[in-house]
Amino acid sequence: MASTHVTKRAKYKTTIKDPGTPGTLRMTFEKILFVPHNPKSAGKLDVEFRYIKGQKHTKEGSNKPPWLNLTNNQNGSFIFEFENYSDLQECRDFVGKVLAKGGEVSEKPTVAYPDEQLSAAEMELRIKLLQEDSELQKLHKQFVLSGVLTETEFWATRKKLLDREASKKTKQRLGFKSAMISDIKPSTDGRTNKVTFNLTPEVILQIFAEKPAVHRAFLSYVPNKMSERTFWTKYFRAEYLHSTKNSIAAAAEAAEDEELAVFLKQDDILASEARKKIRRVDPTLDMEADEGDDYTHLPDHGILREGSKEMTESQNELYKRSLSQDINRHAAVVLEGRAVDVELEDTKAVAEALAQSKQKSSNKGESDGDTSRERLDRLSRMTEIEDLQGPNTLPLAPLCIKDPRDYFDSQQANALRSSGDALGEIKQIKCGLSTQEVYGSLRESISSIRAMGLKEPIVKPEVAHQVFDALTNSISNTKYHIGKNPQESVLDRLPRKTKEELLHHWTSILELLKHFWASYPITTTYLYVKVNRLKDAMSNIYPQLEVNVRKIKNGEVSSLNFPILPFLQLFCLIYLLYPSLIFLA
Amino acid sequence: MKFQIEDVTVYFPYDHIYPEQYCYMIELKRTLDAKGHCLLEMPTGTGKTIALLSLITSYCLSKPQSPMKLIYCTRTVHEMEKTLAELKILHNYQIKHLGPQARILAIGLSSRKNLCVNPTVVAAENRDSVDAGCRKLTASWVRALASENPDVAMCEFFENYEKAASAAVLPPGVYTLQELRAFGKEKGWCPYFLARHMVQFANVVVYSYQYLLDPKVAGIISKEMQKESVVVFDEAHNIDNVCIEALSVSVRRQTLEGATRNLSRISQEIDRFKATDASILRAEYNRLVEGLALRGNLPITDNWLSNPALPDDILKEAVPGNIRRAEHFLHVLRRLVQYLSGRLDTENVEKESPVGFVASLSSHAGIDQKTLKFCYDRLHSLMLTLEITDTDEFLHIQTICDFATLVGTYGRGFSIIIEPFDERMPHIPDPVLQLSCHDASLAIKPVFDRFQSVLITSGTLSPIDLYPRLLNFHPVVSRSFTMSLTRDCICPMVLTRGSDQLPVSTKFDMRSDPGVVRNYGKLLLEMVSVVPDGIVCFFVSYSYMDGIINTWNDSGILKEIMLHKLVFIETQDVVETTLALDNYRRACDSGRGAVFFSVARGKVAEGIDFDRHYGRLVIMIGVPFQYTLSKILLARLEYLRDTFQIKEGDFLTFDALRQAAQCVGRVIRSKADYGMMIFADKRYSRHDKRSKLPSWILSHLQDANLNLSTDMALHIAREFLKKMAQPYDKTGSSDKKTLLSQEELEKLGDGSMHEMSY
């Protein structure tokens, strides 16, 4: 950590509208201290950091001054206005650091593990994860801080989480909005003829993507030839001329102002791109090819003014751009998706990033030659008449369940409908299997994997489907069978506190069990100690659970067939098995 | 599967067949046996093309000694590609079952623009420049020059092709345009000339209508087709318009100005030749005196568009004396251009018959009818003599000569109309002189005469008795098939009122009413939020579409539509429309969903399929009537009334409804597919309009759906989509089979099949 404190000149404001008291802001790990320059003025501030919950700040490039807004846990806030953005950034980073620590370090004694050397980045990542997920934080607090699990053990089961966060790649990127946000309407103040356009980086990015000529002009003009403000003023002037649909006026204006003409003219980059793209178009759609084959419509052949044909005015074609063109272009850009993945703050950066990504994609477009092959394949697939054909194998998409609870709950209704009364039968089938049979089938599949390697998919889709059906049925059916209304789950009928407690126990038990089973076979004393620790932790939870159960039983829910049952069953299992497991070890 | 139809074993590339496909094949076979023409209407989405291809190829296979050949005409290049792709599936199947004896050669033929592989030539903007660019490299005199002077550029692909001579053949197989290009590139042979050459050996030739109907093109491409060939016009509901267009010419100011420029260029060339090599001109004169045919044995690269008049009407005699000399001919053309530009300077609309026009031309400009007739051939000969390669520069004078030849050749079925401005834009002076053909039977007559069997087929040929009258022929078979459906997978509706219960229509007095425009917008908005994937929306004209989209944009409806689906729009720019369509398909594929705004009678409505998820709903906004005040249309209506006793109103309604049916008919591709069609105009609820729709739509139009408002339509749409999402038995219920396997087909005798289909 670079410094243990930050001192900046700033104004302290009690509300947004307050002009603010100038003074000095000093922040250390423990507290925030604000001393006004004028010692007489009120507004001296001395707050401890542990009361601060979060921070907000204005963005650079927006027309707001650099403000930092710290919220405390009583929902009050302290607003500081800095002299410039770099001060703001420094303070923001500092507060961020302190808050991150506050989430964990300050509340507990720093647990140092000599066996792990964590880089600052990894540490930060973990802290961030904990902050984002309160459930995870609770677990972490409960087990790591109490010493049941070590830090390493805790994170070892969450490697995937760490990986994904680290690489950031799998995170879903946001596409463009379907709505045409680049078509912004000006706001007027009602008194003068002045109009104001509000541009956000999002809008600018879309304008650049949809109008490559504007993008190119921006790169070459700003800031050498004109300021960004003049640039956009000219742009909107041109847009206004378009909207008047007066192509003669547009032509006249364009003749006078060379830079304005850039916006008014047809986009030549688009035209050349279109020519390139048309070669890759599906041949069954290619109407341009018809044009090339049409000898009836030689110029002046055929019937010109028959009712079926349309007249077009072809004056000042150069300066005409129709709404339909804009709409088509917009939709095409949305479909292409967002190529830029930068923080949308600086227009210049946006413009450059877009230029780079275009470069890349055009290189790629030139290199891949098998598009025509793909096109042909697609064509032949399209020509087949589907229902005259025998059944085709369906394409597969791997199932990725992020939150099992949500998944099984949402699938419950489907599962009930599809399997209906067959539920009982499934159970019977399961029971009917003997240990030998199970063992045999397991061995069989292992040997087949050995022989052929892992196939894609590993499990047959039908089998997987059946298993999932059964799982959904048995996992969340109690919840629904008890509730009268299929939308309402049993848990919702419990008092909120009890419900939360229950769910928390549930996750903590799962966590413990995960570690418990992962420790087998117990080969080292370390593992032995760990298992013991886990067992103790579980036995601590057990009485709490029982308390809950009793509470519930006394309450409105009298049914024995309650979600807690599985917990209890699990515990019994552990206790039953424990001695033998130890023995095995 | 394979099965017998009487003595022919039919190879069909799928495991199952629709009963109507089977019936269709039976009718086709009868036509072929009777060596006559036929007219068959079968709904879209019943696999017409594959049924047709598989019967005709199987018929050919069963009679290996006959020189029968299939000439398959499509309206557009992309349909050509689709047809060839289907043929490829069929061909692979036949090879698998019959072995090498089933091998055929099938090629698609198109212009140089679509086939050329020479990068310098094909880079040109439009077709005419590509044609001219090719000629610059391959014309006989250029090549003669190049043999002496190595600096003269030639096309290596053509040279390689020439060098290979008779060895340059396509191995049997099915070639799409793309594959032809690929083959040409690989071998280093010019695919265009290779294809032109292979046409005479091919068993199946797929090309555009014009290659057979337009005498300008047919004269050079389709001259050598055997009489035994079977000619198919697919999607032929507009065939009468194609025929008419092929024989119509219009002359505008720009044409005349261009022609004047062309003439001075020609006169310069003549002077140049006189100075350097007068013998060539003399040789041409002598040839013309002897009355030699103009294009006896021209090298394949030298000829371009041929005489615009029909082959039977071209005089087989010597060129008249007064235009044999190049200068004299030039004078005649100058006088003609002069006269035409005088006629264009009119204040009023004038209508004249060709006979009257020729008479006044002869009295004012001193050009007689026979001279006019020879104009085109004389020009052609002159340009060859002058060794002009940049033919794309000479289109204007060609147009004038086309006009002269046509007006000199035909006395009836045509009229000449001179308009000083377009009625719809009276403030812009834009004089046009149009020679318009009214009689569709003229252009198609040589085809009926020349070929043994001509099949005209489409999804919409209702009323089916009208076509033989329009085209003046006698079909041996004329039938309209209905569609047997496994489930009610099409759902036509007539929407007469908007969400505020006021009537909607695009009638002239209502179309600009803001309430109507808003109601249409609301309808679309409601539908986008209910219907998954693709929606297509047809408007009656470009101008109406532009207007309504602008209004929707201003009122914010468009923005709301965009929240649900991406919007794509057909424009008059073909490239842009093509890209929009491609993006539309991708949007539907990716699940984002999209709306496509298109125009009835436009290029998209003509030939793009919106099957499966590409079109779950089609909304036809308004009735696509033609612009009834058009002088040409009025002249044509008058001609139809006088000659064929077809009432004006009947023809207009027929024409509008066939367009509407064409638009909505593009949603269904097979019986597994489903789609809704909304006819949004109160006029559709009237019986006289509605009854002109094809029977396969009418049979699914329930009485309850004839007079709906937006909310009711929305309810029906929801129900329909829910119903369609359920699994069903594809083969149909036991009493009515809609999908037949081979065994079922064999079990059924011919007799019972017929009962089923009628």
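## Exercises on a predicted two-chain model

In helix α7 of chain A, the buried residues are Pro212(A), Ala213(A), Val214(A), His215(A), Ala217(A), Phe218(A) and Tyr221(A). Here, buried means under 20% relative accessible area, exposed means over 50%, and partly exposed lies in between (1.4 Å probe, protein chains only). The model is predicted, so local features need pLDDT of at least 70 and side-chain atom pairs pLDDT 80 or more, while totals for chains, interfaces and linings use all residues. Residues are numbered from 1 along each chain as its sequence is written, chains are lettered from A and ligands numbered from 1 in the order written, and side-chain values use heavy atoms, without hydrogens or water.

**Exercise 1. Work out how helix α7 of chain A is covered, and which annotated region to compare it with.**

Step 1. Find the helix at residues 212-221 of chain A. Helices (H or I, at least four residues) and strands (E, at least two) are DSSP runs, numbered from the N terminus.

Step 2. Count the buried residues: seven of the 10, which makes α7(A) mostly covered.

Step 3. Look at the record. An unreviewed UniProt entry lists residues 112-166 and 191-243 of chain A as "domain: BSD". Such annotations may be inferred rather than shown by experiment; the positions follow the numbering used here, and feature names are shortened.

Step 4. Describe residues 191-243 of chain A: this stretch is 68% helix and 4% strand, with its end C-alpha atoms 23 Å apart.

**Exercise 2. Find the partner of Phe197(A) in an aromatic pair and describe how the two rings meet.**

Step 1. Set the rule. Rings of Phe, Tyr and Trp (its six-membered ring) pair if their centres lie within 6.5 Å; planes under 30 degrees apart are stacked, over 60 edge-to-face, and the rest tilted. Over all chains, the whole structure has 35 aromatic pairs.

Step 2. Apply the rule. Phe197(A) pairs with Phe236(A), and the two are stacked, at 3.8 Å centre to centre with 10° between the planes.

Step 3. Place the residues. Phe197(A) sits in the loop between β9 (195-196) and α6 (201-210), Phe236(A) in helix α8 (residues 228-243), and the two are 39 residues apart.

Step 4. Check the exposure. Phe197(A) counts as partly exposed because its relative accessibility is 26%, while Phe236(A), at 9%, counts as buried.

Step 5. Widen the view. Ring pairs join both residues with Phe208(A), Phe218(A), Phe231(A), Trp232(A) and Tyr235(A) in a cluster.

**Exercise 3. Determine how helix α13 of chain A and helix α23 of chain B are oriented towards each other.**

Step 1. Locate residues 323-336 of chain A for α13 and residues 542-555 of chain B for α23.

Step 2. Read the geometry: the helices pack at an angle of about 65°, with axes 10 Å apart. Axes are lines fitted to C-alpha atoms, for helices over the stretch in contact, and angles run from 0 to 180 degrees between N-to-C directions.

Step 3. Classify the angle. Under 35 degrees is roughly parallel, over 145 roughly antiparallel, 65 to 115 roughly perpendicular, and the rest oblique. The two helices are therefore roughly perpendicular.

Step 4. Name the residues in contact (heavy atoms within 4.5 Å). Leu323(A), Ser324(A) and Ile327(A) meet Asp546(B), Ile549(B), Asn550(B) and Asn553(B).

**Exercise 4. Describe the surroundings of Met154(B).**

Step 1. Find Met154(B) in the loop between α7 (140-148) and α8 (156-164) of chain B.

Step 2. Judge its exposure: Met154(B) is partly exposed, because its relative accessibility is 34%.

Step 3. Leave aside neighbours within four places in sequence; Met154(B) then contacts Leu137(B), Arg143(B), Ala146(B) and Glu159(B).
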